[in-house]
Amino acid sequence: MIPFSSGTRLRDMIRAIRACKTAAEERAVVRKECAAIRTSMNENDQDCRHRNLAKLMFIHMLGYPTHFGQMECLKLIASAGFPEKRIGYLGLMLLLDERQEVLMLVTNSLKQDLNHSNQYIMGLALCALGNICSAEMARDLAPEVERLLQFRDPNVRKKAALCSIRIIKKVPDLSENFINPAAALLKEKHHGVLITGIQLCTDLCKVSPEALEFLRKKHTDGLVKTLKDAVNSPYTPEYDIAGIPDPFLHIRLLKLLRVLGQGDADASDAMNDILAQVATKTESKKNAGNAILYECVETIMSIEDNGGLRVLAINILGRFLSNRDNNIRYVALNMLMKAITVDAQAVQRHRATILKCVKDSDASIQKRALELVYALVNDTNVKPLTKELIDYLEVSDQEFKGDLTDKICSIVEKFSPEKIWYIDQMLRVLNEAGNFVKDEVWHALIVVISSASDLHGYTVRALYKAFQTSSEQESLVRVAVWCIGEYGDMLVNNVGMLDIEDPIMVTESDTVDVIKIAIKHHALDLTTKAMALMALLKLSSRFPSCSERIKDIIVQHKGSFVLELQQRSLEFNSIIEKHQKIRSALVERMPILDEATFSTRRAGLLPAAVSTSGGASLDLPNGVAKPSAAPLVDLLDLSDDLPAPSSSDGDFLQDLLGVDLSPAPTQSGLGQIQKAGTDVLLDLLSIGTPVQSSSPTTEILLPSQNDKSPIATLDARSSSSSLSAQATSSARAAPMMDLLDGFGPSPLKPEDNGSVYPSLVAFESSSLRITFNFSKQPGNPQTTLIQATFTNLTPNVFTDLIFQAAVPKFLQLHLDPASSNILPASGNGSITQNLRVTNSQHGKKSLLMRMRMSYKIDNKDMLEEGQINNFPQDLG
Amino acid sequence: MYLEKVIRELSGVILTRGPKLCNFVEWRGHKVVYKRYASLYFCMGIDQEDNELEVLEIIHHYVEILDRYFGSVSDLRLWFIVCELDLIFNFHKAYYALDELLIAGELQESSKKTVARLIAAQDSLVEAAKEQASSLSNIISQATK
């Protein structure tokens, strides 16, 4: 029997793979090898296990799946021999990660190996544990590792220290156990143990405030001394790098001192001298020295202020910034980022250099510098900085343009001192890099334009001019098309000229040309085309003389494969041809878009517009009243069919830019109905809406309450929070069921004979009457069963009748679905709805209820509200 | 396949960078430090708080350890092709060396001499085990003749 005889050797397999000329060839070789390995594994071939795993690891590195080899790792680890364990643990670390459940099976082997007599096997176990253990394994084996922190052999101690880092990161609760043994490592002489011990202490401080306190109090001085010794230590070839004895030790010490000195004046004091020494004496010709200086500056900036040290740090920073070595400059930019929090003025002084870095040839430096510039922008320097950035935008690389555009748009939006500046900058950006501008950015621009009424003329003229030169920039074209559609008349008549402008000659026909070119140039861009069609419709109304020509353009799309464009084409065409009378009303100047609502929606704070199920879309996300065009709802209902993907941010503007023909509620008061049902309920309970005054309403609801006993009063805080918790449930037939009542729906038993109570006319107006009939179940006096009957007193039928009710907190209300929501006219039928009210203060307080009824007559929304204070006394 | 994707993308980013540019890139929100030795690129992904210049030193530390181990040339500025093949055919040994340098991403030992000594000790354990196995097999094959 000759060992290692069966199958190819590792190097033969590697050679075979490297000899492959195509991916298919390689796959074939790998497949064959995997098959051989699998067979060998199935035969439980001990001798080849080692080699098989080595092959598997190589195959894994190439990217092929190797999960079938995971058990092999376990078997090898469980073997007695060192070579098997060595490769087994390596395989474990490469082929598995902490998410695999198989990993748990190794815990036992690990435990044994952590107690092995051979320190190298202990080392293997500590290494594997430290690299990939899961939280459970960490918990299981933490005591072993803790013990090993004091093992006699330094090799084991240093590995245990690093392994402990992973343990406390995975299970922070265990950190207390490690504090003392870790602190003991700080006194070591062995460099390996010292640096790993220092690292462990640093991570302990991050995870455990007790560790931080303890180390700060007891060990700061010791560490300062260690650093002093390190700095002053004589030359040893073993640790020397570029003339510095063990720079790694220096750096780790500086890091730990940083953590200890931060926020503590005494600790910071203790380290002043050594920091000054490091800052002044360290050689900065080689990378090792610079690495130490970098760390030193970072530490100085983080600890408590000492004027002299800060000056030293800024000096080093300045030197780094003007160094020719790109690495050093990169690191200097990092330092500056940190320095902003400490001394913003000093950083501002370097603005020119930083701006130069934005234009550097090194993409990494550009990125860093750009972030730094962004952090430096304030109200005073925003104008010159923006100018510089936009100037650079014109010459920058394509790869950088995206980032640069994003940052510029951010800056402009955040700091814009006046609207005309905002519009100017955005126009420049669109001109230069319109294709990189994100949708939400140009949406925001339109919102701002619409709100700057005195600038409409200026803006549309500027856009017109820009279009002449940069019509390939998509976003520019979209904004231009929208504005020309809206304000085309201002363009042609030079309306609203500002002093800085010169008049331009634009005819009505010219404006139509622009739109035509937009459509042609961006034939593939559906959003632009859709917007262009809309703009043409507006222009046909503003410039009736161009109607024919516009019609011809629009009609070209009636065969479009895109439904949205086809629909628009046909419908707009129809409007132009046959519905001239209403056309102007349809495309009247848009009202000012509500910036505040837009920005909150954009930030995702408000819920997305509630979509009505079926029927005409009466939704208006911003609740702005629009000119009523109700009769044409069905004809012109343009639902969100736009193929261009619109995020929830875009929905808002999509609705307005594309679907601005949806009819509005005729009364502003009705706008409330369109909102999510919770708004309605908030109104009912007068909670959470700062606009309405809550006190008078609560008084009406609870006439007997003067004190603020939490049970009795409408606890605004908790009610509104319980309401908002239910905010997503849409208000339909039984809204109160979701919001105030935890019980599931259960059928009422109306025929139960409790006491008989007189029925009550809960509400009566000229159009609607609601009658309540009461009953109670025997043995359950707190719960009142109410049957509500709705009668229509008008000659018009009511549709979509919705009844909502609110009760004070000591009552629980449950609504069953109504029998129907169509109420025939003149009392020729009624709707019934059952309610159940449970009174937790039965006998002490009587029932109270507030109601809101909404319904439609001829599709017009109606709303009525009322209160019931006069429930029969003996209901309780 | 995630590993392959990472390597592919990252190599794409790094290989296109010119020689004079700095050794740091940002990739998918991570910081990556890389250093080139002839035809070999050593890349390390690091945290935001890590010291980039130190990481360059760590990479160099590792390269020197590898060089000492594979023992080809004493002058590090000449990194022969031979060494690259050494790494490919003995990748597991490169990992063993790495495991003496880093654990959990942290530096374990600042003395190259100590690292070399530890690797050598473990290698000799492996040699000893091999010898034992082969002498055993000799005994067995003798016995079964």
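Let's start where the two chains meet: 68 residues of chain A are in contact with 54 residues of chain B. Keep in mind as you look around that this is a predicted model. Put the two chains together and about 5,500 Å² gets buried between chain A and chain B, with carbon and sulfur atoms giving 59% of that area.

What sort of links run across this interface? For one, there are 7 salt bridges between chain A and chain B. You can find one by looking for B:E100, which forms a salt bridge with A:K159. The closest N and O atoms of B:E100 and A:K159 are 2.8 Å apart. There are polar contacts too: 23 residue pairs are in polar contact across the interface of chain A and chain B, counting pairs with both residues at pLDDT 80 or more. And what is chain A's side made of? The part of chain A that touches chain B has 33 nonpolar, 18 polar and 17 charged residues.

Now let's move inside chain A and pick out two helices, α23 (residues 419–433) and α26 (residues 474–492). Their axes come within 7 Å and cross at roughly 130 degrees. Angles from 65 to 115 degrees count as roughly perpendicular and those over 145 as roughly antiparallel, so α23(A) and α26(A) are oblique to each other. Which residues make the contact? On α23(A) they are A:L427, A:L430 and A:N431, and on α26(A) they are A:S475, A:L476 and A:V479. Sorted by class, that contact of α23(A) with α26(A) has 4 nonpolar and 2 polar residues, and no charged ones.

Key:
Residues are numbered from 1 along each chain as its sequence is written. Chains are lettered from A and ligands numbered from 1 in the order in which they are written. This is a predicted model: local features need pLDDT of at least 70, side-chain atom pairs count only at pLDDT 80 or more; totals for chains, interfaces and linings use all residues. Side-chain values use heavy atoms; hydrogens and water are left out. Axes are lines fitted to C-alpha atoms, for helices over the stretch in contact, and angles run from 0 to 180 degrees between N-to-C directions. Helices (H or I, at least four residues) and strands (E, at least two) are DSSP runs, numbered from the N terminus. Angles under 35 degrees count as roughly parallel, over 145 as roughly antiparallel, 65 to 115 as roughly perpendicular and the rest as oblique. Contact means heavy atoms within 4.5 Å. Ala, Val, Leu, Ile, Met, Phe, Trp, Tyr, Cys and Pro count as nonpolar, Asp, Glu, Lys and Arg as charged, and the others, Gly among them, as polar. Buried area is the accessible area (1.4 Å probe) that two parts lose on being put together, summed over both. A salt bridge is a side-chain nitrogen of Lys or Arg within 4 Å of a carboxyl oxygen of Asp or Glu. A polar contact is a pair of N or O atoms within 3.5 Å; within protein, one must be able to donate a hydrogen and the other to accept it, and residues adjacent in sequence count only if both atoms are side-chain atoms.
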